[in-house]
Amino acid sequence: MLRKLIAGAAIAPFIAGAALSQELSELEVREIHDRILTIDTHVDIPTGYATHLIDPNTWTRLQVDLPKMRAGGLDAAFFIVYVQQRDLNEEGYATARARAEETYQAIMRMVRANPERIALATTADEVEAIYESGRLIALIGIENSYFMGENIEEEVPLWAARGARYASITHFRNNQFGGSSNPDLSAGDPMEDPGLTDLGRRLVELLNDHGIMVDISHVGPRTSMEAIQMSRAPVIASHSGARAVYDHPRNLTDELLEAIRDNGGVAQIVAFRSYLRDIDPGLTAAIAELRSEVGLDQPGGWERMTPEDRAAYQERLRALRAEYPDATVADMADHIDHAVAVAGIDHVGIVSDFDGGGGVRGWDDASETPNVTAELLRRGYSEEDIAKLWGGNVLRVMRGVEAAAVR
């Protein structure tokens, strides 16, 4: 196929000391990797994206740009319309809605500016057709439906028409739809997850009606379970870990993994350091000190930095992570192993959360994507299994959601 002729010129450096199954060489692993359609279900984008400030068609300071995707054989990514949780009032909704619009337009600028390199997919069939054409694939996900306010009867159809193919119910802090995995007690959120509100139940119905996957990442356990139980379509946890492996509120309990399996959905296991294992307290303190020094402990700190300042910060951050013990691809694979044992190989996937805090040693930007495939091969997963984890399961869920939509 055309893609195979284009991809694979650069081979990412593999994890030191990784003994591959069947004595496979790096080149053999890369050949396997390039036969697989790879989908990352969560990539964030910053302010200024697809402008003169940040051109994703070039090598940038971001963890994901088009050259890094091509170099690492990452075929598709859900680019995220994310909004910060604010107060439950019209002013908060309006501010968040404006930010959502800005992010959506940035994604579309990226696609329109590079039609020969990347295209927007809105269905599973379109994902496969773009893949066969040799181009990269962009999809759209919504992180935190808060910005829709109470106007979901109009907002959900609008975002469906724009191509959004999943939407999370909440983010950090409860909202008008339900409880978060990380409630804000200082803002008045109760300790216990209150579950879906009446408006939240209507949101799930509308997402089902319009072919948008219901996303339960960042969602509280009761709200998640209620959403799974009432959804007539498969759900997705777009970027979470396994709570039995590492006890973090953002991670999925075995009960939720089983519910996702029984619903026909998929749990995407995330390469986010602090969701995978304990982080050295010395590293945590050093990063906090660095962030304070450069002003990233204040709202809008990143936006105020010059490109040179941002590059310097990233370099210092990399040096700190090299100095301390770090989460690795193997730690993420431990979570994958557990999720597969509980939910089955047909209900688990892989996700980075790049440019939103994600990344581990060995997979810290898109150019290193083959290292994940290498680790899974080392653990004895077959090529068929890995194809399911990297994208096959997501496409199956997308098709299930498409079939459940009201035509």
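Me: What makes Arg 99 partly exposed?

Reply: In this predicted model, Arg 99 has a relative accessible area of 24%. Buried would need under 20% and exposed over 50%, so Arg 99 falls in between and counts as partly exposed.

Me: And why is Glu 102 called partly exposed?

Reply: By the same reasoning: Glu 102 has 37% relative accessibility, so it counts as partly exposed.

Me: What makes the link between Glu 102 and Arg 99 a salt bridge?

Reply: Their side chains meet at 2.9 Å, N to O. The cut-off is 4 Å, so the pair qualifies as a salt bridge. Glu 102 and Arg 99 are 3 residues apart in helix H4 (residues 90-113), which means about one helical turn separates them.

Me: How do you know that Glu 101 and Arg 162 form a salt bridge, and where do they lie?

Reply: The closest N and O atoms of Glu 101 and Arg 162 are 2.8 Å apart, and the limit is 4 Å, so this is a salt bridge too. The pair links distant parts of the chain: Glu 101 sits in helix H4 and Arg 162 in helix H6 (residues 152-162), 61 residues apart.

Me: Are Glu 101 and Arg 162 buried or partly exposed?

Reply: One of each! Glu 101 has 22% relative accessibility and counts as partly exposed. Arg 162 has 17%, under the 20% cut-off, so Arg 162 is buried.

Me: Which ring does Arg 162 lie over?

Reply: Arg 162 lies over the face of Trp 159, at 4.8 Å from the ring centre. Trp 159 in turn belongs to a cluster, linked by ring pairs, with Tyr 104 and Phe 147.

Me: How many aromatic pairs are there, and why is the one between Phe 272 and Tyr 275 called stacked?

Reply: The count comes to 7 aromatic pairs. For Phe 272 and Tyr 275, the centres are 4.2 Å apart and the planes differ by 15°. Centres within 6.5 Å make a pair and planes under 30 degrees apart make it stacked, so both conditions are met. Phe 272 and Tyr 275 are both buried.

Me: What makes the pair of Phe 354 and Trp 363 edge-to-face?

Reply: The angle decides: 65° between the planes, where over 60 counts as edge-to-face. The centres lie 5.0 Å apart, within the 6.5 Å limit. Phe 354 is buried at 0% relative accessibility, and Trp 363 is also buried, with a relative accessible area of 0%.

Me: How do you know that Asp 365 has no salt bridge?

Reply: The nearest side chain of opposite charge, Lys 68, is 5.6 Å away from the buried Asp 365. A salt bridge needs 4 Å or less, so none is counted. Asp 365 does have a polar contact of 2.5 Å with the side chain of Ser 367. Asp 365 is found in the loop between strand S9 (348-351) and helix H15 (370-378), and the residues it touches include Gln 63 and Phe 354.

Me: Why is His 218 called buried, and what makes its link to Glu 143 a polar contact?

Reply: His 218 has 3% relative accessibility, under the 20% cut-off, so it counts as buried. The side chains of His 218 and Glu 143 are 3.3 Å apart, and the limit for a polar contact is 3.5 Å. His 218 is found in the loop between strand S6 (213-215) and helix H8 (221-230). Among its other contacts are His 171, His 239 and Tyr 275.

Technical notes
Residues are numbered from 1 along each chain as its sequence is written. This is a predicted model: local features need pLDDT of at least 70, side-chain atom pairs count only at pLDDT 80 or more; totals for chains, interfaces and linings use all residues. Side-chain values use heavy atoms; hydrogens and water are left out. Rings of Phe, Tyr and Trp (its six-membered ring) pair if their centres lie within 6.5 Å; planes under 30 degrees apart count as stacked, over 60 as edge-to-face and the rest as tilted. Buried means under 20% relative accessible area, exposed over 50%, partly exposed in between (1.4 Å probe, protein chains only). A charge sits over a ring if NZ of Lys or CZ of Arg is within 6 Å of the ring centre and within 35 degrees of the ring normal. Helices (H or I, at least four residues) and strands (E, at least two) are DSSP runs, numbered from the N terminus. Lys and Arg count as positive and Asp and Glu as negative; His and the chain ends are not counted. A polar contact is a pair of N or O atoms within 3.5 Å; within protein, one must be able to donate a hydrogen and the other to accept it, and residues adjacent in sequence count only if both atoms are side-chain atoms. Contact means heavy atoms within 4.5 Å. Lists of a residue's contacts leave out its neighbours within four places in sequence.
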